[in-house]
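User: I am new to charged contacts in proteins. Can you walk me through some in this model?

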Amino acid sequence: MLRKKIAAELVGTALLVYFAVGTATLAFGFGLHGGSIAAGVVMTALAFGLVLVALVYAIGPVSGCHVNPAVTLGFLIAKRISTKEALAYACAQVAGAIVGAVALWWTLRSSAAYTAATGLGADGWGAHSMIGLAGGGAFVAEVVLTFLFVLVVLATTGYVQTASLAGLAIGAALTLAHLLGIPLTGTSVNPARSIGPALIVGGDALRQLWLFIVAPLLGGAAAAAVWRVLIASRGRVESTPPPGTQPTLS
């Protein structure tokens, strides 16, 4: 069973990177936002949100559809996944993000318009932020954005009253995070999503990668702590319920 979960997380993360990061690269790397940066932000945010909604309902019944080490850390702290599973999930997610990034790069590099300057939707701060956000501001932004996202994931998948609509709520939360986060850092809220493109692009994307690993993990951990104190007091979740199924409480 764990093998199927790992496979689902790997495939899911690869698809998330390919479709969502691919949209970001088309919008900003190739300049296909129609001359409107705001339009590019919206189309990219929707791409991340919509692909995650699809993945939640597609692979959620198999693995819970974390596709994000920050989410997995949140579930671990919330005691809704074992340490063994969490480590396996994280490895699969990073591997999937790399696979997705390589596949995307191979797709786009066949275009005559693709150059090193086009990039691959990598995150960044300073000169790589739309508003020139400094490292400190970028760190805070990633912590807060991830906190919101992971809290929504934990809350909506924890109880039967919300489980059936979890995919929509989770997708909406990721869309919201990107609407604010894209002009700030490009939006990570997912260490795996940042690792894949950074390994391909290299340079500053790789040098700044540490922030997009550490900050989302801190945000996910904080969300789990708040969930345990404020939300889980109604009952403890014994396992990770896929969308549309009833969680086990005690």
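Analyst: The turns below go through salt bridges and burial. This is a predicted model: local features need pLDDT of at least 70, side-chain atom pairs count only at pLDDT 80 or more, and totals for chains, interfaces and linings use all residues. Residues are numbered from 1 along each chain as its sequence is written, and side-chain values use heavy atoms, with hydrogens and water left out.

User: Why is the contact between Glu 85 and Lys 5 called a salt bridge?

Analyst: A salt bridge needs a side-chain nitrogen of Lys or Arg within 4 Å of a carboxyl oxygen of Asp or Glu. Here the closest N and O atoms are 2.7 Å apart, so the pair qualifies. Glu 85 lies in helix α4 (residues 83-108) and Lys 5 in helix α1 (residues 2-29), 80 residues apart. Helices here are DSSP runs (H or I, at least four residues), numbered from the N terminus.

User: How do you know that Glu 85 is buried?

Analyst: Buried means under 20% relative accessible area, exposed over 50%, partly exposed in between (1.4 Å probe, protein chains only). Glu 85 has 19%, so it counts as buried. Lys 5, at 17%, is buried too.

User: What makes Asp 204 and Arg 207 a salt bridge?

Analyst: Their closest N and O atoms are 2.6 Å apart. That is within the limit, so the name fits. Both sit in helix α9 (residues 203-207), three residues apart, or about one helical turn.

User: Why is Arg 207 called exposed?

Analyst: Its relative accessible area is 58%, so Arg 207 passes the exposed cut-off. Asp 204, at 31%, is partly exposed.

Technical notes:
Helix = DSSP H or I, 4+ residues; strand = E, 2+ residues; numbered from the N terminus.
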